[in-house]
Amino acid sequence: MNALDVAVLVAAGAGIAAVLWYFLFQRTPAAEAVAGAGGVQEVVIAVEGGYAPSTIRVRRGTPVRLVFERRETASCSEEVVLPDFGVRRFLPAHERTVVELSAPAPGAHAFTCGMGMLRGTLIVD
């Protein structure tokens, strides 16, 4: 094994580690929903290679409005699924799509793209 082989193996290992960190271990702080008109908690979620913020914290007993702003045309992000609420919604490219939930139950509720590759969590306290 020569120096070039070692360099290629080190670069490949670093690339694999970076991809795993990005998809499995990268965490952003939970975004708090802002109470808007009529006491509805609202948060805007950018959809571009993932969800930003990917973790959203809301208060229980209050309606929630999730505004998905899709900023890309990638096919994976064209749908959002909230299985705990029976919601499956198409997200048109470069538009905002509103998903309203009336007083969601306490707990952590996952949301994903239609393929299950993009992931987020709605935490109801």
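I take a contact to mean heavy atoms within 4.5 Å. With that settled, I looked up how contacts spread along the sequence of this predicted model: among those between residues at least 6 apart in sequence, 53% join residues at least 24 apart.

**Entry: layout.** I went through the secondary structure next and found one helix and eleven strands. From the N terminus on, the order is α-β-β-β-β-β-β-β-β-β-β-β, and helix α1 spans residues 3–25.

**Entry: surface.** I noted an accessible surface of about 7300 Å² for the protein, with 60% of that belonging to carbon and sulfur atoms. Of the 125 residues, 33% count as buried.

**Entry: a patch.** Which residues make the nonpolar surface patch of about 440 Å²? I found M1, V6, L9 and V10 there. I picked V6 for a closer look; its place is in helix α1. V6 has a relative accessible area of 40%, so I log V6 as partly exposed, given that this class lies between the 20% and 50% cut-offs.

**Entry: the core.** I then turned inward, to the largest nonpolar core, which has 21 residues. Y51, L66 and F68 touch the most other members. Which elements give two or more residues to this core? My list reads β3 (41–47), β5 (55–58), β6 (64–70), β7 (79–82), β9 (96–101), β10 (107–113) and β11 (119–124).

**Entry: L66.** Finally, I followed L66 to its contacts, not counting residues up to four places away in sequence. I wrote down V43, I45, I56 and L82, and also T97, V98, V99 and L101.

Terms used:
Residues are numbered from 1 along each chain as its sequence is written. This is a predicted model: local features need pLDDT of at least 70, side-chain atom pairs count only at pLDDT 80 or more; totals for chains, interfaces and linings use all residues. Side-chain values use heavy atoms; hydrogens and water are left out. Helices (H or I, at least four residues) and strands (E, at least two) are DSSP runs, numbered from the N terminus. Buried means under 20% relative accessible area, exposed over 50%, partly exposed in between (1.4 Å probe, protein chains only). Accessible areas come from the Shrake-Rupley method with a 1.4 Å probe; for residues, only the protein chains shown count as cover. Patches are made of residues with over 30% relative accessible area and no salt bridge: like charges are joined within 9 Å, nonpolar side chains (Val, Leu, Ile, Met, Phe, Trp, Tyr) within 5 Å. A salt bridge is a side-chain nitrogen of Lys or Arg within 4 Å of a carboxyl oxygen of Asp or Glu. A nonpolar core is a set of buried Ala, Val, Leu, Ile, Met, Phe, Trp, Tyr and Cys residues joined through side-chain atoms within 4.5 Å.
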